[in-house]
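Visitor: I would like a tour of this model, please. Where shall we start?

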Amino acid sequence: MPSQPAPLPPDDPSAGSPSHDQTTIRACRTWGSSATPTRSSSPAMTRPAGTTLIDMHVPPGGGPPPHRHDFEEMFTVLDGEVQVTFRGQTTVARAGQTINVPANAPHAFTNAGEAPVRLLCLCAPAGQEEFFTLVGQPVATRTEPPPPLDAEAQAAFIAKSTSLAPQYKTELLPPPSHG
C-alpha cells in the first residue's frame, strides 16, 4: 500500500507577501564603468535570508572589477554578451546563457562589446542591493547611465566602494597581471 505524502505545513503569514517592487535604486559605478540595477524582489519574499534579483544594464566597458563575496550569485545574459573571468579563466557568456558563481569564488565580468548588455542577477542571500544603493549615483530611469565622473569623483567612488565592501562581505581583488 503506497504511503501518503506528508501534508503541507500551514501558511505562515509572517513570511511576508508578494512584492512587485520595481523601484529603481541607483546606478552602481565600477572602475570607469557602471551598471544600473533594479530591485525586483525583497527579502520578505523568501526565508530565511531572502534573495535579491537585480536587472542590470551594463554599458560598453562596464562591469565590476575582480572580486569575491560570501553569497551565491547567478546571472543570466538577456541581451548582448559579457566577457566573464571566473577563478582566472575567461569565457564569453551570450544571451540565453547563465553563469553560476558559488560563494567566495573570484570573478568579474565586462561588457567588451559596443552595445549595452542586460543581465538578471540573483544574489542569495539578499543584501547586495543595499551596497549598490550606497555606492551608486541616482538616475532618472533604470536604463539611463550615470554621468561620467571626473578624476576626483572617481577616486572618491573607489574609496567609498573599498571601505563599504567588507560590510557586505565582499573583497575587491587586484586586477590580473598580464606579464
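Visitor: Which residues in helix 1 meet which residues in helix 2?
Guide: This is a predicted model: local features need pLDDT of at least 70, side-chain atom pairs count only at pLDDT 80 or more, and totals for chains, interfaces and linings use all residues. Residues are numbered from 1 along each chain as its sequence is written, and side-chain values use heavy atoms, without hydrogens and water. Contact means heavy atoms within 4.5 Å. Here Phe131, Leu134 and Val135 in helix 1 meet four residues in helix 2: Phe157, Lys160, Ser161 and Leu164.

Visitor: By class, what residues does the contact of helix 1 with helix 2 have?
Guide: Ala, Val, Leu, Ile, Met, Phe, Trp, Tyr, Cys and Pro count as nonpolar, Asp, Glu, Lys and Arg as charged, and the others, Gly among them, as polar. Sorted this way, the contact of helix 1 with helix 2 has one charged, one polar and five nonpolar residues.

Visitor: At what angle do the axes of helix 1 and helix 2 cross?
Guide: Axes are lines fitted to C-alpha atoms, for helices over the stretch in contact, and angles run from 0 to 180 degrees between N-to-C directions. Helix 1 covers residues 128-135 and helix 2 residues 151-164. Their axes come within 10 Å and cross at roughly 150°.

Visitor: Is helix 1 roughly parallel or roughly antiparallel to helix 2?
Guide: Angles under 35 degrees count as roughly parallel, over 145 as roughly antiparallel, 65 to 115 as roughly perpendicular and the rest as oblique. The crossing is at roughly 150°. That makes helix 1, relative to helix 2, roughly antiparallel.

Visitor: Is the crossing of helix 1 and helix 2 left-handed or right-handed?
Guide: A crossing is left-handed if the near helix is turned anticlockwise from the far one by less than a right angle, and right-handed if clockwise. For helix 1 passing helix 2, the crossing is right-handed.

Visitor: How many helices and strands has the protein chain?
Guide: Helices (H or I, at least four residues) and strands (E, at least two) are DSSP runs, numbered from the N terminus. Along the sequence the pattern reads β-β-β-β-β-β-β-β-β-β-α-α-β. The chain has two helices and eleven strands.

Visitor: In what order do the four strands form an open sheet?
Guide: Two strands pair if DSSP finds at least two bridges between them. The edge strands are strand 3 (52-58) and strand 8 (98-101), each pairing on one side only. The pairing is antiparallel, and the order is 3-10-5-8.

Visitor: Which residues does Thr76 stand opposite?
Guide: Strand 5 (residues 72-79) pairs with strand 8 over four bridges. Strand 5 pairs with strand 10 over seven bridges. In strand 8, Thr76 faces Thr98; in strand 10, the residue opposite is Leu120.

Visitor: Which side chains of strand 10 are buried?
Guide: Buried means under 20% relative accessible area, exposed over 50%, partly exposed in between (1.4 Å probe, protein chains only). Side chains alternate along strand 10. Arg118, Leu120, Leu122 and Ala124 point to one face and are not buried. Pointing to the other face, and buried, are Val117, Leu119, Cys121 and Cys123.

Visitor: Which strands does helix 1 touch?
Guide: Helix 1 packs on the sheet. Its direction makes about 45° with that of strand 3. The strands touched are strand 3 and strand 10 (117-124).

Visitor: What separates the C-alpha atoms of Ala126 and Thr52?
Guide: Ala126 lies in the loop between strand 10 and helix 1. Ala126 is partly exposed, at 22% relative accessible area. Thr52 has Cys123 in strand 10 as its bridge partner. Ala126 and Thr52 are 74 residues apart along the chain, yet their C-alpha atoms are separated by 4.9 Å.

Visitor: Is the peptide bond from Ala124 to Pro125 cis or trans?
Guide: Most peptide bonds are trans. Pro125 sits in the loop between strand 10 and helix 1. With omega near 5°, the bond from Ala124 to Pro125 is cis.

Visitor: What is the phi of Lys169?
Guide: Most residues other than glycine have a negative phi. Lys169 lies in the loop between helix 2 and strand 11 (170-172). Lys169 is exposed, with a relative accessible area of 52%. Although Lys169 is not a glycine, its phi is positive, about 50°.
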